Amino acid sequence: MVTVASTNIRPLADRVLIRPQQQEERTKGGIVLPDTAKEKPQVGKVLAAGRGRVSDDGKRIPLDLTEGNLVLYTRYAGTEVKVDGEDLLLIGERDILAIVEG
């Protein structure tokens with residue numbers, strides 16, 4: 001995990017800074033789950049996004065998402081970053097599977 005002192009992070013190229021959503025701490029039956037039994041979250045909110053990658057011919061290919069989108073991403077994607085005491089993820093666009101709408 002990387003620790004950063006400032007929240008002024010601007011991802012480069014096709015990378016995205018995500019705040020993972022915390023999952024329920026209880027099962028549907030009301031059983032409280034310890035931290036070791038919880039799965040890593042796979043849904044998060046986009047806090048910042050890069051400008052997009054540059055193709056081989058020099059054209060910039062913009063990202064399909066923007067700040068504020070709720071996204072579904074692969075389970076073990078990205079690099080964990082601690083910013084001002086908060087755990088965030090810095091991942092590439094190809095590890096984002098979908099935008100959650102509604």
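Student: Where is the place of Ala13 in the chain?

Tutor: Welcome, and please keep in mind that the model we are looking at is predicted. Ala13 is partly exposed, with a relative accessible area of 31%. Its phi is near 50°, a positive value in a residue other than glycine. As for its place, Ala13 sits in the loop between β1 (2-4) and β2.

Student: Which loop holds Asp84?

Tutor: Most residues other than glycine have a negative phi. Asp84 is not a glycine, yet its phi is positive, at about 50°. You will find Asp84 in the loop between β7 (79-83) and β8.

Student: How many helices and how many strands does the chain have?

Tutor: Let us walk along from the N terminus: the elements run β-β-β-β-β-β-β-β-β. The tally for the chain is therefore zero helices and nine strands, with strands being runs of at least two residues.

Student: What share of the contacts join residues at least 24 apart?

Tutor: Here we look at contacts in the chain between residues at least 6 apart in sequence. Of these, the share that joins residues at least 24 apart is 65%.

Student: What percentage of the residues count as buried?

Tutor: To count as buried, a residue needs a relative accessible area under 20%. The chain has 102 residues. It exposes about 7200 Å², and carbon and sulfur atoms supply 48% of that area. The part of the residues that count as buried is 25%.

Student: Which elements give two or more residues to the largest nonpolar core?

Tutor: In soluble globular proteins, nonpolar side chains tend to be buried together. In this chain the largest nonpolar core has 11 residues in all, among them Val16, Ile18, Val71, Tyr73, Leu89 and Ile91. The elements that give two or more residues to this core are β2 (15-20), β6 and β8 (86-92).

Student: Which residues does Ala77 contact, leaving aside its neighbours within four places in sequence?

Tutor: Ala77 belongs to the largest nonpolar core, and so do Leu89 and Ile91. Setting aside those neighbours in sequence, the contacts of Ala77 are Leu89, Ile91 and Asp95.

Student: How many residues are in the second, separate core?

Tutor: This core stands apart from the one we have just discussed. Its members include Ala48, Val81, Val83 and Leu88. The number of residues in the second core is five.

Student: Is Asn69 buried or exposed?

Tutor: Asn69 lies in the loop between β5 (60-61) and β6 (70-73). Not counting residues up to four places away in sequence, Asn69 touches Gly44, Lys45, Val46 and Ile99. A polar atom of the Asn69 side chain also lies 2.6 Å from the backbone nitrogen of Thr66. The relative accessible area of Asn69 is 18%, which is under 20%, so Asn69 is buried.

Student: What is the length of the polar contact that joins the side chains of Ser55 and Asp57?

Tutor: Ser55 is found in the loop between β4 (53-54) and β5. With a relative accessible area of 17%, Ser55 is buried. The polar contact between the side chains of Ser55 and Asp57 is 2.3 Å.

Student: Which residue forms a salt bridge with Glu86?

Tutor: Side chains of opposite charge can pair when their charged atoms come close. Glu86 in strand β8 has a partner in strand β2, 67 residues apart. Glu86 is partly exposed at 29% relative accessibility, and its partner Arg19 is partly exposed at 32%. The closest N and O atoms of the pair are 2.4 Å apart, and the residue that forms the salt bridge with Glu86 is Arg19.

Student: How far apart are the closest N and O atoms of Asp87 and Lys82?

Tutor: The count of salt bridges comes to two, and Asp87 with Lys82 is one of them. Asp87 is partly exposed at 43% relative accessibility, and Lys82 is partly exposed at 28%. The closest N and O atoms of Asp87 and Lys82 are apart by 3.4 Å.

Student: What accessible area do Leu72, Leu97 and Val100 have together?

Tutor: Leu72 has its place in strand β6. Its relative accessible area is 31%, so Leu72 is partly exposed. Leu72, Leu97 and Val100 form a nonpolar patch on the surface, and their accessible area together is about 230 Å².

Conventions:
Residues numbered from 1 in each chain as written. Predicted model: local features only at pLDDT ≥ 70, side-chain atom pairs only at ≥ 80, totals over all residues. Heavy atoms only, no water. Helix = DSSP H or I, 4+ residues; strand = E, 2+ residues; numbered from the N terminus. Buried < 20%, exposed > 50% of the residue type's maximum accessible area, 1.4 Å probe, protein only. Contact = heavy atoms within 4.5 Å. Areas by Shrake-Rupley, 256 points an atom, 1.4 Å probe, with all protein chains shown as cover. Polar contact = N/O pair within 3.5 Å; in protein donor to acceptor, adjacent residues only side chain to side chain. Patch = residues over 30% accessible without salt bridge, like charges linked within 9 Å, V, L, I, M, F, W, Y side chains within 5 Å. Salt bridge = Lys/Arg side-chain N within 4 Å of Asp/Glu carboxyl O. Core = buried A, V, L, I, M, F, W, Y, C linked by side-chain atoms within 4.5 Å.
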